[in-house]
Amino acid sequence: MESPNRKSSPKFVKSTSSQPAAPSSTRGAKNSPPRPFSSHSGVLQKPLIKENTKPFDFKLHTQERAARRALFNSTVAIKLCIIEQQKRQVEKLLKMIEAEEVRMLRKEMIPRAQLMPFFDRPFFPQRSTRPLTVPREPSFYRKNSSFISCR
């Protein structure tokens, strides 16, 4: 029939009984009713009637998330608008300061006539009150001729 090295899948056999067959593993259900087997040992019976399944009521959070995202986007847009306004105000202030500095520089650059010196009073320089510099002899000799240092 079958070789012992091959894995066989469970086979389904039509059953004359009215009970549907359950899978052979008992992992999930601990107190399950006994499973019907066919005349062959270990072969499951094919269920006759398939039960209609009802989907679970599920709620997607896309609408809530979209509302939160819209709120976040609006707050970010407001913050960016405020930052842009502050930048414009700072630029306007710097431009006004620069214009004022240029105006002051231009005002200072206007050539003006210098006052005429007074020729009726002659200039007499005053004698300095600082003491005179005392000259001293330079020392050109070395104290130790064997030691030469390069600093």
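1. A residue is called buried when its relative accessible area is under 20%, exposed when that area is over 50%, and partly exposed in between. Thr-75 has 34% relative accessibility and therefore counts as partly exposed. The model discussed in this note is a predicted one, and the values below should be read as computed from that model.

2. On the overall fold, the secondary structure of the protein chain amounts to one helix and two strands, and these elements follow the pattern β-β-α when the chain is read along its sequence. The helix, H1, covers residues 62-108. Of the 151 residues in the protein chain, 5% are buried.

3. On surface and contacts, the protein chain exposes about 17100 Å², of which carbon and sulfur atoms supply 58%. If one takes the contacts between residues at least 6 apart in sequence, 51% of them join residues at least 24 apart.

4. Thr-75 is placed in helix H1, where a polar atom of its side chain lies 2.6 Å from the backbone oxygen of Phe-72. Phe-72 also takes part in a nonpolar surface patch of about 350 Å², which it makes together with Val-76, Leu-80 and Ile-83. Phe-72 thus appears in two of the features described here, through its backbone oxygen in the contact with Thr-75 and as a member of the patch.

5. Ile-83, one of the residues that make this patch, is likewise found in helix H1. Its relative accessibility is 41%, so Ile-83 counts as partly exposed; the reasoning rests on a value that lies between the 20% and 50% cut-offs.

6. The structure holds two salt bridges. In one of them, the side chains of Arg-103 and Glu-100 meet at 2.4 Å, taken from N to O. Both residues lie in helix H1, where Arg-103 and Glu-100 are three residues apart, or about one turn of the helix. Arg-103, with 47% relative accessibility, counts as partly exposed, and Glu-100, with 36%, also counts as partly exposed.

7. The other salt bridge brings together the side chains of Lys-59 and Glu-64, with a distance of 3.4 Å from N to O. Which of these two partners is exposed, and which is partly exposed? Lys-59 has 61% relative accessibility and so counts as exposed, because this value is over the 50% cut-off, whereas Glu-64, at 36%, counts as partly exposed.

Key
Residues are numbered from 1 along each chain as its sequence is written. This is a predicted model: local features need pLDDT of at least 70, side-chain atom pairs count only at pLDDT 80 or more; totals for chains, interfaces and linings use all residues. Side-chain values use heavy atoms; hydrogens and water are left out. A salt bridge is a side-chain nitrogen of Lys or Arg within 4 Å of a carboxyl oxygen of Asp or Glu. Buried means under 20% relative accessible area, exposed over 50%, partly exposed in between (1.4 Å probe, protein chains only). Helices (H or I, at least four residues) and strands (E, at least two) are DSSP runs, numbered from the N terminus. Patches are made of residues with over 30% relative accessible area and no salt bridge: like charges are joined within 9 Å, nonpolar side chains (Val, Leu, Ile, Met, Phe, Trp, Tyr) within 5 Å. Accessible areas come from the Shrake-Rupley method with a 1.4 Å probe; for residues, only the protein chains shown count as cover. A polar contact is a pair of N or O atoms within 3.5 Å; within protein, one must be able to donate a hydrogen and the other to accept it, and residues adjacent in sequence count only if both atoms are side-chain atoms. Contact means heavy atoms within 4.5 Å.
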